[in-house]
Amino acid sequence: MEFDQINKTAVTDPAKRPNLEDYASIRANFDWWRDAFEKMDWLAGGGLNNAYEAVDRHVAHGHGDKLAMIWLGKNGEEERYTYAEFKHESDRFGAVMQNLGIGLGDRVFIFMDRLPELYIAAMGILKAGGVIAPLFSAFGPDPVRDRMLDAGAKYLVTSPDLRAKISEMLPDIKTLKNVIIVNKDGRSDDPPVEGDLDYYELMSAADPDSFTMAETTQYDFAIMHYTSGSTGKPKGVLHRHQAVIQQWITGHWALDFKFDDVYFCTADPGWVTGTSYGMMAPWTNGVTQIIYEGGFSASGWYKVIQDYDVTVWYTAPTAVRLLMRAGGDVVDQYDMSSLRFIGSVGEPLNPEAVVWGNRHFNMPIHDNWWQTETGAIMCANYPSMAVRPGSMGRPFPGITMGVLDDQFNEMAPGSAGSLAVRPGWPSMMYTYWQQDEMYNSRFKKGWYITGDQASIDEDGYFWFQGRADDVINTAGHLVGPFEVESALIEHEAVAEAGVIGKPDPIAMEVVKAFVTLNPGHEAGPQLRRELMRFARDRLSAGVAPREIDFIDIMPKTRSGKIMRRLLKARELGLPEGDTSTLEDD
Ligand code: PRX
């Protein structure tokens, strides 16, 4: 099945023709330097700063009056920022950071809900030469501590409620110099904690006009996101300013941004989609972005699209499935005619979702594929190309992708194997923070190994088949089983924990834990509830197990590794496979 996905209105209006009109010829002639690097403004001294490209250059080009951001607060507030105001405020925060003595490459953690101040701070930090490390505001103290410790965090920007949630662990972060508190509109009545700095006081004391941008180069570090693997704690993926080049051009071609677009990205900045496509891609393309503070809401989202004439919408499969569950009649109550393009990322987009989207939005939902490590879209269904529901599309111009066998040789179309990319794309991660060996291990025979399994069809469309490791994808978010296991065994009742992803019709997978107990503790519903609460408080509701089973013996290899594969096979009632390395055979 294929969809000619050009929207009916787009065909008749030349201004709405896709930016990438002819995939095959653009791909054949593409040149990163001519088509992307040279399209940036660059700094006067030849350097590159992603926040400059996202914000300041539009002011320099006479578009200062254009709206950059419309913030919709969870209490019904609305704030609007033009590019000129955004520049001014982010320069001011850049000055704040310089007054605090920020150095090139210093890691600044941002632990906040989606407030305008988050974006102003992020751009200010980048202009001042710092590295931003945004975290999900849903995180509990354990993930925040692990990440800040690992990265040697120097500054933290947060809000009073979130600070209170992690207060206990903050003294553990010995590298931390300052905590900056954003008490937006006095939302919190709690007295400030001694030693913390107040964002608004710092801002009014700083002079944006005397701010001079740090002379960052394309190779300086800019953004850090933690991602989960199947072993060990999450790793810090480090991106450089140069990633902005690919973020800009994928925004232009894969999300089809046009200068007059109103864009709505439902991703949280704690996730790489929320920085690459919630900051860099839209703003470098000069669009107006809606920042919606609230969480998922079918009618809330449709109302935003209708009331603000959203033209481009980027979301995720779990959200689409939740919209489907809410019902097509809910969509039909709203006017969705402003929409021109819908994109989705993070997990496989099931064909039914594409078909449903086509029925209710008059266009299919365009799946695209990428990872924290790739920094930007690598493979996409483009607005000018027929969509094959269930496929993640074709590689972006300038990107070479392949499917490899277990000797890392390319396979013919039709066979499933390891999804790999030829290294060297502009937004490729620089390394995993202080884990060079782990970084190096991702490269084999000249390929970057993504950790996903996929196949290619005869026409070069890629089809996702699954992950090659134990990482769990729940509602588009990767969860490392080790992180959850580590949290569970901190509870006195738990001796060992094994964590798997259990298939789920909405979230794709949910986190399920199996635990053995220490002597003197009794399995039962009460302990189960207690462990769930314990894990939720420490991790976050999205990462904590949705189900916990008590078992007598944890299946392990002779070397003591928990056999999650076996736990999963048992859970799903599948053959247990090779158990010859089992401890208690
Ligand atoms: O397994 C793939 C899945 O999400 C992983 C990347 O997750 P993360 O690093 O958190 O990056 C999020 C930014 C997109 C991939 O290795 N994934 C992502 N997109 C898709 C997908 N699986 C299937 N189809 C997709 N379109």
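A residue counts as buried here when its relative accessible area is under 20%, as exposed when that value is over 50%, and as partly exposed in between. With that cut-off in hand, Cys265 is easy to place: its relative accessible area is 6%, so Cys265 is buried. Please keep in mind as you read on that the model is predicted.

Let us step back to the whole chain before returning to the cysteines. The protein chain has 585 residues, and a compact globule of that length would have a radius of gyration near 25 Å; the chain has 24 Å, which agrees. If you align the C-alpha trace with its principal axes, the spans come out at about 70 × 65 × 50 Å. The secondary structure is mixed, with 19 helices and 27 strands. Of the 585 residues, 61% count as buried. Contacts tell us about the fold as well: among those with a separation of 6 or more, 69% join residues 24 or more positions apart.

The surface and the charges come next. About 22,700 Å² of the protein chain is exposed, and carbon and sulfur atoms supply 49% of that area. Negative side chains number 82 and positive ones 55, yet the centres of the two sets lie 3 Å apart.

Now back to the cysteines. A disulfide is a covalent bond between the sulfur atoms of two cysteines. How many disulfides does a search of the whole structure find? The search finds zero. For Cys265, the closest cysteine sulfur belongs to Cys379 and is 19 Å away, which is too far for a bond. Looking from the other end gives the matching picture, because the closest cysteine sulfur to Cys379 is that of Cys265, again at 19 Å. For scale, a pair of cysteine sulfur atoms has to be within 2.5 Å to count as a disulfide. Cys379 has a relative accessibility of 0%, so this cysteine counts as buried too.

Two helices make good landmarks for the next stretch. In helix 11, which runs over residues 272–284, 13 of the 13 residues are buried, so this helix is largely enclosed by the rest of the structure. Just after helix 11 you will find Gly286 with a positive phi of about 75°. Helix 7 spans residues 141–151, and its buried residues are Asp142, Pro143, Val144, Asp146, Arg147, Met148 and Ala151. Here, too, a glycine comes after the helix: Gly152 follows helix 7 and has a positive phi, near 60°.

Backbone angles deserve a little more attention. Most residues other than glycine have a negative phi. Trp42 is not a glycine, but its phi is positive, at about 65°. This tryptophan sits in the loop between helix 3 (32–35) and helix 4 (50–60), and with 17% relative accessibility it counts as buried. Phe408 also has a positive phi of about 65° without being a glycine. Its loop lies between strand 17 (401–404) and strand 18 (417–421). Is Phe408 buried or partly exposed? At 27% relative accessibility, Phe408 counts as partly exposed.

Finally, three residues show how parts of the chain meet. Tyr226 lies in strand 8 (residues 221–227) and is buried, at 15% relative accessibility. Leaving out residues up to four places away in sequence, Tyr226 touches Phe109, Arg147, Asp150, Ala151, Pro234, Lys235, Gly236 and Trp433. Arg147 and Ala151 are also among the buried residues of helix 7. Pro143, another buried residue of helix 7, is 83 residues from Tyr226 along the chain, with 9.8 Å between their C-alpha atoms.

Glu117 belongs to helix 6 (residues 116–127), and its relative accessible area of 5% makes it buried. With residues up to four places away set aside, its contacts are Met112, Val182, Lys184, Tyr199 and Tyr200. Asn183 is 66 residues away from Glu117 along the chain, and their C-alpha atoms are separated by 10.0 Å.

Lys165, in helix 8 (residues 160–166), is partly exposed at 32% relative accessibility. Beyond residues up to four places away, Lys165 touches Phe111, Ser137, Ala138, Phe139 and Pro141. To close with a long view across the model, Lys165 and Pro575 are 410 residues apart in sequence and 43 Å apart in space, C-alpha to C-alpha.

Conventions. Residues numbered from 1 in each chain as written. Predicted model: local features only at pLDDT ≥ 70, side-chain atom pairs only at ≥ 80, totals over all residues. Heavy atoms only, no water. Helix = DSSP H or I, 4+ residues; strand = E, 2+ residues; numbered from the N terminus. Rg over C-alpha atoms; globule rule 2.2 N^0.38 Å. Buried < 20%, exposed > 50% of the residue type's maximum accessible area, 1.4 Å probe, protein only. Contact = heavy atoms within 4.5 Å. Areas by Shrake-Rupley, 256 points an atom, 1.4 Å probe, with all protein chains shown as cover. Lys, Arg positive; Asp, Glu negative; His and termini not counted. Charge placed at Lys NZ, Arg CZ, Asp CG, Glu CD.
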